[in-house]
There are 2 protein chains.
Amino acid sequence: MKENWNTGNLDTLLLGILRQRAAHGYELIQKLKETSEAVFDLPEGTVYPSLHRLEKTGAISSSWDSSSGRRRRIYAITPNGRAALQSGKKAWAKYSHSVNMVLGMSS
Amino acid sequence: MKENWNTGNLDTLLLGILRQRAAHGYELIQKLKETSEAVFDLPEGTVYPSLHRLEKTGAISSSWDSSSGRRRRIYAITPNGRAALQSGKKAWAKYSHSVNMVLGMSS
DNA sequence: CTTCATACCTAGAGTATCTAGGTATGAAAG
DNA sequence: CTTTCATACCTAGATACTCTAGGTATGAAG
């Protein structure tokens with residue numbers, strides 16, 4: 001992942017959801033909404049391109065599943081993705097600490 | 001300010017610096033760098049447009065100062081700006097809490 | 001007198017998000 | 001049975017912010 005939180009942070013959030021278990025795109029949107037208490041209520045036009053980016057860089061891999069009759073693309077995090085998640089978390093820790101400093105909030 | 005942290009957050013950061021005392025643009029860049037421990041080391045091409053945005057929306061006001069020989073545009077936060085800062089801080093609190101949830105970090 | 005830090009500015013490139021459209025299936029309601 | 005809604009995928013183009021890369025000008029230092 002990049003070492004700047006300010007851009008492409010959705011990629012890190014998706015890896016954060018996928019770190020526990022694989023999921024398909026639509027499901028990720030819902031989990032992101034649930035886990036964030038509706039703060040991240042993102043349109044598909046935002047999330048799908050992000051997933052395609054992550055797959056292109058090898059952070060996640062996908063496979064089609066049709067067991068439910070309805071076709072789904074299941075995404076799973078790769079070892080590369082876990083490394084990217086770790087550096088993304090570090091970037092977040094630095095970024096959030098700095099914002100707290102600048103805004104004069106408890107860090 | 002907008003209720004979404006993800007976009008236009010630099011505006012809130014600048015208000016955070018200006019909440020204590022007025023400052024000119026170049027100085028704000030340095031203070032942002034100092035206060036954030038170099039995490040926010042932003043180019044002028046990023047910061048000046050942000051200041052112009054803030055002035056256009058009435059969150060800050062500016063005046064020219066030539067007392068140092070070198071001309072400087074001094075920015076001060078307005079009452080509107082303080083209100084915008086408050087809502088920006090609320091947006092940040094919600095956003096950062098949600099990121100911590102999604103990434104599984106201590107919130 | 002040249003170089004560097006200060007101090008301002010903007011146009012255009014780059015990039016991420018969002019809007020708005022499209023397709024298709026399963027379930028529920030009437 | 002057929003219409004409607006949630007599921008489930010996709011992309012093209014608009015929007016918006018950041019950054020690059022240029023420009024100008026002054027004061028200080030060497």
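**A guided tour of two protein chains and two DNA strands**

Begin at DNA strand C, where one of its phosphate oxygens is 3.4 Å from an N or O atom in the side chain of His52(B). The model on display is predicted.

Next, select Tyr48(B): an N or O atom of its side chain is 3.1 Å from a phosphate oxygen of DNA strand C. Then move to Arg70(A), which has a polar side-chain atom 2.9 Å from a base oxygen of DNA strand C. To see which elements form this surface, colour α1 (9–18) and α3 of chain A, and α2 (25–35), α3 and β3 (72–77) of chain B; each of them gives two or more residues. The largest share, four residues, belongs to α3(B).

Now display the whole surroundings of DNA strand C. There are 26 residues around this strand, and the nearest are Thr46(A), Arg70(A), Tyr26(B), Glu44(B) and Arg72(B). Of the atoms of DNA strand C that come within 4 Å of the protein, 65% belong to sugar and phosphate. By residue type, this surface holds six nonpolar, twelve polar and eight charged residues.

Turn to DNA strand D. Its surroundings comprise 25 residues, with Tyr26(A), Glu44(A), Arg72(A), Thr46(B) and Arg70(B) the closest. Here sugar and phosphate make up 62% of the strand's atoms that come within 4 Å of the protein. The residues divide into six nonpolar, eleven polar and eight charged.

Three side chains deserve selection at this strand. Glu44(A) places an N or O atom of its side chain 2.4 Å from a base nitrogen of DNA strand D. Thr46(B) has a polar side-chain atom 2.8 Å from a phosphate oxygen of the strand, and for His52(A) the corresponding distance to a phosphate oxygen is 3.3 Å. Among the elements near DNA strand D, α3(A) supplies the largest share, four residues.

Remain on this helix and select Ser50(A), which lies in α3 (residues 44–56) of chain A. Is Ser50(A) buried or exposed? Ser50(A) is buried, because its relative accessible area is 0%, and buried means under 20%. Show its neighbours as well: leaving aside residues up to four places away in sequence, Ser50(A) touches Leu10(A), Asp11(A) and Leu14(A).

Finally, view both chains together. Chain A is superposed on chain B by a rotation of 180° with 0.0 Å of shift along the axis, at an RMSD of 0.0 Å. The two copies are therefore related as by a two-fold rotation axis. Both copies use the same surface, since 100% of the contact residues of chain A recur in chain B. To locate the axis, select Ser96(A), whose C-alpha, at 3.6 Å, comes closest to the axis among the residues of chain A.

Methods. Residues numbered from 1 in each chain as written. Chains lettered and ligands numbered in written order. Predicted model: local features only at pLDDT ≥ 70, side-chain atom pairs only at ≥ 80, totals over all residues. Heavy atoms only, no water. Buried < 20%, exposed > 50% of the residue type's maximum accessible area, 1.4 Å probe, protein only. Contact = heavy atoms within 4.5 Å. Near = heavy atom within 4 Å. Polar contact = N/O pair within 3.5 Å; in protein donor to acceptor, adjacent residues only side chain to side chain. Nonpolar A, V, L, I, M, F, W, Y, C, P; charged D, E, K, R; others polar. Least-squares fit on C-alpha atoms with pLDDT ≥ 70 in both.
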